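Me: I have a structure open and want to learn how to read it. Where do I begin?

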Amino acid sequence: MKKMLLASTAAALVATSAFADAHAKEVKLGIEFGFTGPIESLTGPMAAGAELAMKEVTDSGMLLDGATVTSTRADSGCIDNGLAVSGGERLIAEGINGLIGADCSGVTGAVLQNVAIPNGMVMISPSATSPGLTTMEDNGLFFRTSPSDAREGEVMAEILQERGVKSIALTYTNNDYGKGLADAIESSFKALGGEVTIVAAHEDGKADYSAEVGALASAGGDLLVVAGYLDQGGAGIIKSALDAGAWDTFGLPGGMIGENLPKTIGPDLDGSYGQIAGSQGNGIEAFTKMAADAGFDGTSPYTPESYDAAALFLLAMQAANSTDPADYKEKILEVANAPGTEIFPGELGKALELIKNGEDIDYVGASAVELIGPGESAGTYRMIEVKDGVNETIGYK
Amino acid sequence: MDLLNALIAFLNYVFVPGVAYGSQLALGALGVTLVYGILRFSNFAHGDTMAMGAMSAVLLTWLFQSWGISLGPLPTALLALPFAIGLTILLLLGTDRVVYRFYREKKAKPVILVIVSLGVTFIYNGVTRFIIGADDQNFLDGERFIISAREFKTATGLEEGLSFKTTQGITIITAIIVVAVLFWFLNRTRAGKSMRAYSDNEDLALLSGINPERVVMITWMIVAGLATIAGVLYGLDKSFKPFTYFQLLLPIFASAIVGGLGNPLGAIAGGFVIAFSEVTITYAWKKILVYMMPESLEPSGLVQLLSTDYKFAVSFVILLIVLLFKPTGLFKGQSV
């Protein structure tokens, strides 16, 4: 038995080294999203989006003279820092060249501080939106293809004002994302002359939100803004508020936009509105079509941003002619922004070729990527209104 | 008109949710108190017994729904309830046979049984998650409201709406029926009387020819019934999620102890005391006060004693106060 084991191990060793030779250039990208937890219904399409970009690059054969791009997934749990950090460490141990993620703001900060900075790994998050991440010390290792919530707060305040809302009650999920977004909405709305009657936290994972809704209803307001998660307490608050007849319409920031919400709440949600990071134009159209061909929903929140995150990694690697984070981290802003030839989804092969020939590119991608400040998206928002049980896009801001 | 609005707001946000929650706690506390009074230990597994019972009801409800059976405006879960109780009885009798009987025969101290029940808790907890998963499950069907807030507003022309959910109505009615039947059973039937005798004095009961194993069996059967009913009602009214039943253990024990452990009447009173304290202390009274007071006296703040985050702390505090000043509880139970 022992001999056989030894023999097979030896054979495996030989086989792996042979395999490694054949693919001398293999680029490994880690994907760390909350495949379990409060936004689990979003992360499936997000990961598929990132992997679509990797496949496109592999198929083009243009990256670093025919390198193959493979993805390794890890679970961040969205709100579980311990799980996220151990997942990130596992990815490092597996020898990734770049980390796409994490998804929720709290775990993203934790992975950045505990995994990425000590190991000098570059992270591009498609969906972490907390304003706190803008100022966090990151040694130039952290980027995001999603805008900061500070911007979302301004956009939401403008939307509310345009609709003639004078006062709002505000509840947020009790974590980095919720608190940051609630602060942004509160200060922006007040700056525009609106009144915020109450700002109250809610905990996720409770069975009963009638006490929270009671307090919110007592404070009053034209509209209840729920800065929570659609698969979690956010949905519970809305259900409970509708049951008690406290509000009929709700303001829905990014974390609440998803197919699941109208599905779980039903027709009573019609007329509620909100916004989520997203863009219009050729980029998103091309991407949606590619996603449909690949068998997933490209309009699902943060899915285009995930595609862009993966694409940015690979373009920057090409520009630096290296898969070492220390080399290519300087190139990310360069490939993302003007000047250069505009690159849309499906044109990654062309982009790689241009870079190889020493030409500049301006990656537009699926979400109109324009990185500002310390490497975060400038931010266009898709305005959503729930009509007949479906999230309908009613404009862009 | 303003007074009427204040009254409706009070009913809608405080009274109706409080009564429904109180009934659910009272049913849970009754089970805990029966085990304590007759089997003489604090059964920490009660919360997860509720989860197991509710889970059986959820699975049976889905089965009935797939067969196309329904109760019209009432939730199908009510039809599944008797079968779920049967399953829970089997579960508890099995657990007693495998676990508790061993310690009972050794005359183990109550504290050992408490720790044993904690072990049973984790096993139940794991089994529940293994079978149905850790997520929310929806098993409510039928008519959702007896009175919906919107209809109430259009019908009365008042500013405030009153909503009364079907599940709240069912909870309250079921609780009344169950309590009535339980008291009739304990006070009027031979089996009930022998249970009380066994609870008062075990040795005397043995001498008068009461079979202890039979008393234990009947107790577990009643506890299974109470736990399943409480679990299903809570799941219907709020939502079925295995972990919330574990969290529910604290207010349930608080209710039983506040009322007086081992005293069924106390368990019911305790349930309502805890429920109403939680709701009233964390409610923001601004709305009601604005209706009731003249404009000059209207409060500008929220008039909320504690933020809703501290809901569970309220039951802790009440528990501590009662234990400090009245260790036997409001209704003279056994001291802990």
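Reply: Start where the chains meet. This is a predicted model. The contact takes 26 residues from chain B and 20 residues from chain A.

Me: Which elements of chain B give two or more residues to the side that touches chain A?

Reply: They are α1 (2-39), α5 (149-156), α10 (242-259), α11 (264-282) and α12 (286-292) of chain B. The largest share comes from α1(B), with three residues. By class, this side of chain B has nine nonpolar, nine polar and eight charged residues.

Me: How do I describe two helices that pack, such as α1(B) and α10(B)?

Reply: Give an angle and a distance. Here the angle is about 70°, and the axes are 8 Å apart. Angles of 65 to 115 degrees count as roughly perpendicular, so α1(B) and α10(B) are roughly perpendicular to each other. Their crossing is right-handed.

Me: Which residues meet there?

Reply: From α1(B), they include B:Leu25, B:Ala29 and B:Val32. From α10(B), they include B:Leu248, B:Ile252 and B:Phe253. By class, this contact has nine nonpolar, four polar and no charged residues.

Me: What span should the 19 residues of α11(B) have?

Reply: Take 1.5 Å times one less than the number of residues. For α11(B), that gives 27 Å. Its end C-alpha atoms are 28 Å apart, which agrees.

Me: Is α11(B) largely enclosed or largely open?

Reply: Count buried residues. A residue is buried if 20 or more other C-beta atoms lie within 10 Å of its own. In α11(B), 14 of the 19 residues are buried, so this helix is largely enclosed by the rest of the structure.

Key
Residues are numbered from 1 along each chain as its sequence is written. Chains are lettered from A and ligands numbered from 1 in the order in which they are written. This is a predicted model: local features need pLDDT of at least 70, side-chain atom pairs count only at pLDDT 80 or more; totals for chains, interfaces and linings use all residues. Two residues are in contact if their C-beta atoms, placed from the backbone, lie within 7 Å. Helices (H or I, at least four residues) and strands (E, at least two) are DSSP runs, numbered from the N terminus. Ala, Val, Leu, Ile, Met, Phe, Trp, Tyr, Cys and Pro count as nonpolar, Asp, Glu, Lys and Arg as charged, and the others, Gly among them, as polar. Axes are lines fitted to C-alpha atoms, for helices over the stretch in contact, and angles run from 0 to 180 degrees between N-to-C directions. Angles under 35 degrees count as roughly parallel, over 145 as roughly antiparallel, 65 to 115 as roughly perpendicular and the rest as oblique. A crossing is left-handed if the near helix is turned anticlockwise from the far one by less than a right angle, and right-handed if clockwise. A residue is buried if 20 or more other C-beta atoms lie within 10 Å of its own, exposed if 12 or fewer, and partly exposed in between; C-beta atoms are placed from the backbone.
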